[in-house]
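Biologist: I would like to know how the terms for ligands, pockets and cavities are applied. Please show me the structure before we start.

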Amino acid sequence: MQRIFSGIQPSGIPTLGNYLGAIRNWVDLQADHECIFCVVDLHAITVFQDPKVLATATREMAAVLLACGIDPVRHTLFLQSTVRAHLQLAWIFNCVARIGWLNRMTQFKDKAGKDRENASAGLYVYPNLMAADIHAYHATRVPVGEDQKQHLELANDIAQKFNHDYGVEFFPNIEPLILGPAARVMSLRDGSKKMSKSDPSDQSRINLNDDADTISLKIRRAKTDPEPLPSEPEGLVGRPEARNLVGIYAALVGTGHAGVLAEHGGKGFGQFKQALADLLVDKLAPIAAEATRLLADPAGLDAILRQGKERAEAIADPIVTEAERLVGFLRP
Ligand code: AMP
Ligand code: TRP
């Protein structure tokens, strides 16, 4: 069985976009992989986080992942900063990766913006830590969004250089599982922008802890155009808001756009939005309820995450200890 590793940043309540684009996929991968999932708090502080906000967001992310169906009994869910092996291997990788490689990372350029000199050193070496996350477990498959593909190529370059420099076949090649743009959910206020937990407008997204009334209201207020729904997918061209709502519906029921339009084509948005809101409430309200239940029992949630930490350490510690031996570190 292939081992999967993936991480998600605790940067706010996850949205419907995170759910359809990433989390739901993680849940499905559990059926035929050994999965290790991680809330990456070390990555989060590459840009300053208020400590209280970070702590809250970390708990909320863990609770939502569990509520969505991540199974902490058959698989592993933990907080990145609780397993020291990530940092130990990241330091070695800081010394393996070349500055020229990091200079090509487009995410650093995007996140640092114009004021590069003022970005944290952590933001710059972020991809080395991400490589360490994966290689500390000898994971071979990594589900991520398209934007992370370049970081996985770097993780493979690091593994190859380590193996070459130390004359070993120690770190395996990893295979990205790119979660396609088909699952891309757009803002409810602007069909050309990605739905994001960092958008200033809460009306632009469905949060995974929104209650039924909030979900219905946000869908009712979602931006649309005055035309009725087309009966063929071609009719969605040039109508990004209509396309987005149809796409969300399609992703939730598991049919393509064509299937949704065969059923709802010709209807006005008033009617279609009602059907979409009902569907969303049906799928998401149980997740919100379960997340609320988990957050109301902090000791229970801590126990799950401690168990995850112990399992993660049982895999990562021997691998990282061996990497340190290969590098030439003494353990007197
Ligand atoms: P982020 O919230 O940007 O840290 O992304 C975490 C994960 O969720 C990544 O794998 C993204 O590709 C995925 N994701 C985030 N927003 C969306 C969206 N609007 N549609 C689809 N996937 C998304
Ligand atoms: N950088 C990833 C993101 O922002 C999160 C992440 C950290 C990750 N470590 C990882 C993803 C390891 C996959 C594997 O989405």
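Modeller: What follows is a set of questions on ligand 2, the largest pocket and the largest cavity. This is a predicted model, where local features need pLDDT of at least 70 and side-chain atom pairs count only at pLDDT 80 or more, while totals for chains, interfaces and linings use all residues. Residues are numbered from 1 along each chain as its sequence is written, chains are lettered from A and ligands numbered from 1 in the order in which they are written, and side-chain values use heavy atoms, with hydrogens and water left out.

Biologist: Which residues come nearest to ligand 2, and what makes a residue count as near?

Modeller: A residue is near if one of its heavy atoms lies within 4 Å of the molecule. There are 13 residues around ligand 2, and Gly-7, Tyr-126, Met-130, Asp-133 and Gln-148 come nearest. H7 (121-135) is one of the elements that supply at least two residues of this shell, and its four residues are the largest share. Helices are DSSP runs of H or I with at least four residues, strands are runs of E with at least two, and both are numbered from the N terminus.

Biologist: Why is the pair between Tyr-126 and ligand 2 called a polar contact?

Modeller: A polar contact is a pair of N or O atoms within 3.5 Å. A polar side-chain atom of Tyr-126 lies 2.8 Å from a nitrogen atom of ligand 2, so the pair qualifies. For Gln-148, a side-chain N or O atom is 3.1 Å from a nitrogen atom of the ligand. The protein covers 89% of the 360 Å² of accessible area that ligand 2 has on its own (Shrake-Rupley method, 1.4 Å probe).

Biologist: What makes you say that ligand 2 sits in the largest pocket?

Modeller: A molecule sits in a pocket if more than half of its atoms lie within 2 Å of the pocket's grid points. Ligand 2 sits in the largest pocket, so it passes that test. On a 1 Å grid over the protein atoms alone, a pocket is an open set with protein on both sides within 12 Å along at least five of seven lines, and lining residues have an atom within 4 Å of a point. The largest pocket has 41 lining residues, and H1 (16-29) gives the largest share, five residues.

Biologist: Why is the other space called a cavity?

Modeller: In a cavity a 1.4 Å probe fits but cannot get out. The structure holds one cavity of 30 Å³ or more. The lining of the largest cavity includes Met-105, Tyr-126 and His-151.

How values were computed
A polar contact is a pair of N or O atoms within 3.5 Å; within protein, one must be able to donate a hydrogen and the other to accept it, and residues adjacent in sequence count only if both atoms are side-chain atoms. Grid points are joined across faces, edges and corners, and a volume is the space filled by probe spheres set on the points.
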